[in-house]
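Thanks for coming, everyone. I'd like to walk you through one model today. Please have a look at the screen.

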Amino acid sequence: MKQIIEPKPTIEGAGVKLQRAFGFGKTKEFDPFLLLDDFRNDNPNDYAAGFPGTHTGASKTITYVLAGSVETATA
C-alpha cells in the first residue's frame, strides 16, 4: 500500500526548525525507523543551534546530505 504523508513543522534540540516526515502518529509501519526529519532550508539560522546532549546509546542517527555540507562539532 502506498500512502502520501505530509510532514509536520517541528522544533527539536536547541530550537532547530525542521519538517518531520514521520515519527508521529502511526509509527509501526516504519519499524525499525523511529523518525525521519527534513532539514531542507535556505536559512542556516533555523538549524545552527544544533542538538546538544541528545545522543543515547539505544539508537543511532543516520545523516545523509543530498546537496551542500554538514559541519559537526566534537565534544
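Let's start with one residue, arginine 20. Arginine 20 sits in strand β2, which covers residues 16-22. Keep in mind that this is a predicted model.

Is arginine 20 buried or exposed? Its relative accessibility is 9%. The cut-off for buried is under 20%, so arginine 20 counts as buried.

What does its side chain reach? One polar contact goes to the side chain of glutamate 12, at 3.0 Å. Another involves aspartate 37: the side chains of aspartate 37 and arginine 20 make a polar contact at 2.6 Å. So we have two acidic partners to keep in view, glutamate 12 and aspartate 37.

Now the wider surroundings. Set aside the neighbours within four places in sequence, and arginine 20 is in contact with Pro7, Lys8, Thr10, Glu12, Leu35, Leu36 and Asp37. I'll pick up some of those in turn.

Take threonine 10 next. Threonine 10 belongs to strand β1, residues 8-12. With 18% relative accessibility, threonine 10 is under the 20% limit and therefore counts as buried. A polar atom of its side chain lies 3.0 Å from the backbone oxygen of lysine 8. Beyond four places in sequence, threonine 10 touches Val16, Lys17, Leu18 and Arg20.

How do β1 and β2 run relative to each other, parallel or antiparallel? They are antiparallel, and five bridges join them. One pair to find on the screen is proline 9, whose bridge partner in β2 is glutamine 19. The two strands make a hairpin, with three residues between them. Look at glycine 13 in that turn: its phi is positive, about 55°.

On to the other side of the pairing. β2 also pairs with β3, again in the antiparallel sense, over three bridges. Here phenylalanine 22 stands opposite leucine 36 in β3.

Aspartate 37 is in β3 as well. Apart from neighbours within four places in sequence, aspartate 37 contacts Leu18, Gln19 and Arg20. There is also a distance to note further along the chain. The C-alpha atoms of aspartate 37 and threonine 63 are 9.7 Å apart, with 26 residues separating the two in sequence.

Back to leucine 36. Strand β3 spans residues 36-38, and leucine 36 is in it. Is it buried? Not by our cut-off: at 34% relative accessibility, leucine 36 counts as partly exposed, because that class runs between 20% and 50%.

Which residues join leucine 36 in a nonpolar surface patch? They are Tyr64 and Leu66. Together with Leu36, they have about 370 Å² of accessible area.

Now zoom out to the whole protein. How many helices and strands are there? Zero helices and three strands. From the N terminus on, the order is β-β-β.

Buried residues make up 11% of the 75 residues. Arginine 20 and threonine 10 are among them. The accessible surface comes to about 6,900 Å². Carbon and sulfur atoms account for 55% of that surface.

Last, the contacts across the chain. Consider those between residues at least 6 apart in sequence. Of these, 29% join residues at least 24 apart.

To recap the central point: arginine 20 is buried, with side-chain polar contacts to glutamate 12 and to aspartate 37. Its strand, β2, pairs with β1 over five bridges and with β3 over three. That's it from me. Over to you.

Terms used. Residues are numbered from 1 along each chain as its sequence is written. This is a predicted model: local features need pLDDT of at least 70, side-chain atom pairs count only at pLDDT 80 or more; totals for chains, interfaces and linings use all residues. Side-chain values use heavy atoms; hydrogens and water are left out. Helices (H or I, at least four residues) and strands (E, at least two) are DSSP runs, numbered from the N terminus. Buried means under 20% relative accessible area, exposed over 50%, partly exposed in between (1.4 Å probe, protein chains only). A polar contact is a pair of N or O atoms within 3.5 Å; within protein, one must be able to donate a hydrogen and the other to accept it, and residues adjacent in sequence count only if both atoms are side-chain atoms. Contact means heavy atoms within 4.5 Å. Patches are made of residues with over 30% relative accessible area and no salt bridge: like charges are joined within 9 Å, nonpolar side chains (Val, Leu, Ile, Met, Phe, Trp, Tyr) within 5 Å. Accessible areas come from the Shrake-Rupley method with a 1.4 Å probe; for residues, only the protein chains shown count as cover. A salt bridge is a side-chain nitrogen of Lys or Arg within 4 Å of a carboxyl oxygen of Asp or Glu. Two strands pair if DSSP finds at least two bridges between them.
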